[in-house]
Amino acid sequence: MTPDPNCPFCKKLANVAGWPAGDVVWQFPHSVAVLGQWQYYTGYCVLVAREHATELSQLGPARAAYLDEMSRLAAAIETCFRPLKLNYELLGNQVPHLHWHIFPRSVTDHDRVRPVWFALDEADADPVEQRRLETGTVSRAEAVARLREQLKADGAPGEQGS
Ligand SMILES: [Zn+2]
């Protein structure tokens, strides 16, 4: 599908500098991996499809490659941060352009049996809680550096972000 001029991800994909400097982990052939805001879930990434599509069924031949890129990114997160469990979420209710949220869940997260969105909703009006959920066990720069190194070592297609 052609880019949608009103879509925030299409706008960012037209100019990857639309993401904050240093947040782009990896530029895959069919998607871009960006470190997410909520680094309490250390290593949390969003993987945005390069093509504007709202459902996987619309991707056609690129679908398998997109899913492979998602799996490669997830594997790198597992290796780098050793989560108890990964949560994979492809929602698109707010931004209907395919993007995976990959949330590593930690054994120290007392709320880990629920999707992260409950905690994020509860933090919506609480700046202290928001700050807590934005703070990881390593700095954002270190999380990005570790993921890039792992993806490179794994021979991921594409190239690291800048
Ligand atoms: Zn889009």
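Colleague: Which residue in E2 stands opposite Gln27?

Modeller: This is a predicted model. Strand E1 spans residues 24-27 and strand E2 residues 31-35. The two pair in the antiparallel sense over three bridges. Opposite Gln27, in E2, stands Val32.

Colleague: Go one strand on. Which residue in E3 stands opposite Val32?

Modeller: E2 and E3 run antiparallel. Five bridges join them. Opposite Val32, in E3, stands Val48.

Colleague: And which residue in E5 is the bridge partner of Val48?

Modeller: E3 also pairs with E5, in the antiparallel sense. That pairing has four bridges. In E5, the partner of Val48 is His99.

Colleague: What is the strand order of the whole sheet?

Modeller: The sheet is open and has six strands. Its pairing is antiparallel. E4 and E6 (159-160) stand at the edges with a single partner strand each, so one side of each lacks a neighbour in the sheet. The order reads E4-E5-E3-E2-E1-E6.

Colleague: Which residue in E5 is the bridge partner of Glu89?

Modeller: E4 and E5 run antiparallel. Five bridges join these two strands. The partner of Glu89 in E5 is His101.

Colleague: How many of the residues of E5 are buried?

Modeller: His99, His101, Phe103 and Arg105 point one way from E5, and Trp100, Ile102 and Pro104 point the other way. All of these are buried. E5 is therefore largely enclosed by the rest of the structure, with buried residues numbering seven of the seven.

Colleague: Which residues point the other way from E3, opposite to Cys45, Leu47 and Ala49?

Modeller: In a regular strand, side chains alternate between the two faces of the sheet. Five of the five residues of E3 are buried, so this strand is largely enclosed by the rest of the structure. Cys45, Leu47 and Ala49 point one way, and the other way point Val46 and Val48.

Colleague: At about what angle does helix H5 run to E1?

Modeller: Two helices lie across strands here. H2 (residues 62-81) lies across E2, E3, E4 and E5, running at about 20° to E5. H5 (residues 140-153) lies across E1, E2, E3 and E6. Its angle to E1 is about 20°.

Colleague: Which residues does Gln150 touch, not counting those up to four places away in sequence?

Modeller: Gln150 lies in helix H5. At 19% relative accessibility it counts as buried, because the cut-off is under 20%. Leaving out residues up to four places away in sequence, Gln150 touches Ala76, Thr79 and Cys80.

Colleague: Now the metal. Which protein residues are the donors of the zinc ion?

Modeller: The donor atoms lie 2.0 to 2.3 Å from the zinc ion. Along the chain they follow the spacing C-x2-C-x41-H-x44-H. Two donate through SG and two through ND1. The donors are Cys7, Cys10, His52 and His97.

Colleague: What is the geometry of the zinc site?

Modeller: The site has four donor atoms, with angles of 102 to 116° among them. All angles must lie between 85 and 135 degrees to qualify. The site of the zinc ion is tetrahedral.

Colleague: How many residues apart in sequence are the parts that Cys7 and His97 tie together?

Modeller: Cys7 is buried, as is His97. Cys7 lies in the segment before helix H1 (8-14). His97 lies in the loop between E4 (85-89) and E5 (99-105), so the pair ties together parts whose separation in sequence, in residues, is 90.

Colleague: What is the relative accessible area of Cys10, and is the residue buried or exposed?

Modeller: Cys10 sits in helix H1. Among the residues it touches are His52 and His97. Its C-alpha atom is 9.5 Å from that of Val48, 38 residues away along the chain. Cys10 has a relative accessible area of 9%, so the residue is buried.

Colleague: How many disulfides does the structure hold?

Modeller: Take Cys45, buried at a relative accessible area of 0%. The closest cysteine sulfur, in Cys80, is 9.3 Å from its own, too far for a bond. For the structure, the number of disulfides is zero.

Colleague: Near what value is the phi of Arg82?

Modeller: Most residues other than glycine have a negative phi. Arg82 has a positive one. This residue lies in the loop between H2 and E4 and counts as exposed at 67% relative accessibility. Its phi is near 45°.

Note on methods
Residues are numbered from 1 along each chain as its sequence is written. This is a predicted model: local features need pLDDT of at least 70, side-chain atom pairs count only at pLDDT 80 or more; totals for chains, interfaces and linings use all residues. Side-chain values use heavy atoms; hydrogens and water are left out. Donors are N, O and S atoms within 2.8 Å of the metal (3.2 Å for Na, K and Ca); water is not among the atoms, so sites may look incomplete. Four donors count as tetrahedral if all angles lie between 85 and 135 degrees; four count as square planar and six as octahedral if opposite donors are over 155 degrees apart and all others between 65 and 115; anything else is irregular. Buried means under 20% relative accessible area, exposed over 50%, partly exposed in between (1.4 Å probe, protein chains only). Two strands pair if DSSP finds at least two bridges between them. Contact means heavy atoms within 4.5 Å. Axes are lines fitted to C-alpha atoms, for helices over the stretch in contact, and angles run from 0 to 180 degrees between N-to-C directions. A disulfide is a pair of cysteine sulfur atoms within 2.5 Å.
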